[in-house]
Amino acid sequence: MPVTPRRRSGKRITKPVGCLLTLLIIGAIVIAVLLIWSLAAGLLHPPKVTPPGKEEPSSQPADCPDVFMLSVPGTWESNSNDDPYNPSANPVSLMLNISNPIRERFSNERLEVYTVPYVAQFSNPIALPPDGQASYNVSRTEGTGRATARMAEVYAHCPLTTHVLVGFSQGAVIAGDIAESIGAGKGPVPANKVLGVMLIADGRRDVGQPNQAIEIGQSPGGVGAEVALKGFNMLGITMTGPRAGFGELVGRTYTICAPGDLICDAPKNALAPVNMVGSIGTLVKAVGNPVHSLYNGFVVDDNGSTATQWTVNWANGLIDGAPHPAHS
């Protein structure tokens, strides 16, 4: 008697369907790895600041300086343990060409120069082997937090002291973000206590838009790397796009950008979130680009003043003309 073949109860998975399932599983694993990697690299945590609201006194303690200058070094120009009053983490830091001459000109009673000590790194997340550096988010968060905290401390103890903010590269992003908060009434000091802000090679430069910084020297046609990469948030790198504006500090905020410096003069199509690997590689290389490191010799006016010389002269003028608060 012939045996009738038994029919299989389940359906066979065709090869195309099986390949699709395999690709979906691999994709899910890649996404999970990237998410874990991004969380491990660090998220960007802007500090929460309570806007100043106290009534202004007629005098302040005798140990208060008339002017407080916040100097924020760029990537690889500081470290978390550096001395804020005698910085030595990087002896060739661009900011020393600004802060040292200004400090030498004024007495301690007239001026306090505080150089923000922070990790100041920008890890390349696609480097093999890993470069061992802190991520941009971790570095920027620490720098912003320490700068904001020190300004808040000064204002709490010295409410009549006026402030000058200067930053370069990653430090310009930090100083600019704090200035934006102050201009919106949400910073560590009131806007009327800020004499001026200078941002050199600002990664969030967007001069063509309203309420942005005043350009000194040439005005390159590009934008800051964070503007070009707006929306990228992965692997410890958060690109926050352009600032909303400097509010009450619009007329007191300045910026300098050398043509060809991709940190502040990036063509909008040069860096793109859709080209993640290429954009990250370009951004990391831009930090070490010779154009980015030569602002001490970059001429910005007809008198032959370089970016650092112009900034020194500008800051000296602000400090010379700043109020002399009474001491109690």
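Strands E3 (162-168) and E4 (194-200) pair in the parallel sense over six bridges, where strands are DSSP runs of type E with at least two residues, helices are DSSP runs of type H or I with at least four, both being numbered from the N terminus, and two strands count as paired if DSSP finds at least two bridges between them. The structure is a predicted model, in which local features need pLDDT of at least 70 and side-chain atom pairs count only at pLDDT 80 or more, whereas totals for chains, interfaces and linings use all residues. Residues are numbered from 1 along each chain as its sequence is written, and side-chain values use heavy atoms, with hydrogens and water left out.

Within the pairing of E3 and E4, Gly-167 has Leu-199 of E4 as its bridge partner. The two strands belong to an open sheet of six strands, ordered E2-E1-E3-E4-E8-E5, in which the pairing is parallel. E2 and strand E5 (214-215) stand at the edges with a single partner strand each, so one side of each is left without a neighbour in the sheet. Two helices that pack on the sheet were examined, with contact taken as heavy atoms within 4.5 Å, and with axes given by lines fitted to C-alpha atoms, for helices over the stretch in contact, and angles running from 0 to 180 degrees between N-to-C directions. H2 touches E1, E2, E3 and E4, and its direction makes about 160° with that of E2. Helix H4 (residues 170-183) touches E1, E3 and E4, its direction making about 145° with that of E3.

At the E2 end of the sheet, E1 and E2 run parallel and are joined by five bridges, and Ser-71 stands opposite Thr-115 in E2. Together with H2, these strands make a right-handed β-α-β unit, a crossover being right-handed if, with the strands pointing away from the viewer, the path from the first strand over the helix to the second runs clockwise. Five of the five residues of E2 are buried, so the strand is largely enclosed by the rest of the structure; here buried means under 20% relative accessible area, exposed over 50%, and partly exposed in between, with a 1.4 Å probe and protein chains only. In a regular strand the side chains alternate between the two faces of the sheet. In E2, both faces are covered, with Leu-111, Val-113 and Thr-115 buried on one side and Glu-112 and Tyr-114 buried on the other.

The largest nonpolar core, defined as a set of buried Ala, Val, Leu, Ile, Met, Phe, Trp, Tyr and Cys residues joined through side-chain atoms within 4.5 Å, has 32 residues, and those with the most contacts inside it are Ile-102, Met-198 and Tyr-295. The elements that give two or more residues to this core are E1 (67-72), H2 (96-105), E2 (111-115), E3, E4, E8 (253-256) and H7 (307-320), and the largest share, six residues, comes from H7. Leaving aside neighbours within four places in sequence, Tyr-295 is in contact with residues including Leu-94, Phe-168, Ile-200, Ile-256, Cys-257, Cys-264 and Thr-308. A second, separate core of 28 residues includes Leu-70, Tyr-114, Ala-179 and Leu-199.

With a disulfide taken as a pair of cysteine sulfur atoms within 2.5 Å, the count comes to two, and numbering the bonded cysteines of the protein chain in sequence order gives the pairing 1-2, 3-4. Cys-64 and Cys-158 form a disulfide with sulfur atoms 2.1 Å apart, and this link is left-handed, with -85° about the S-S bond. Cys-64 lies in the loop between helix H1 (15-41) and E1, and Cys-158 in the loop between helix H3 (136-157) and E3, so the pair ties together parts that are 94 residues apart in sequence. Cys-64 is buried at 2% relative accessibility, and Cys-158 is buried at 4%. In the disulfide of Cys-257 and Cys-264 the sulfur atoms are 2.1 Å apart, and the torsion about the S-S bond is about 90°, so this disulfide is right-handed. Cys-257 is buried at 0% relative accessibility, as is Cys-264 at 0%.

Most residues other than glycine have a negative phi. Trp-76, which is not a glycine, has a positive phi of about 70°; Trp-76 lies in the loop between E1 and H2 and is partly exposed, with a relative accessible area of 37%. For Asn-211, phi is positive and near 65°; Asn-211 is placed in the loop between E4 and E5 and counts as partly exposed at 45% relative accessibility.
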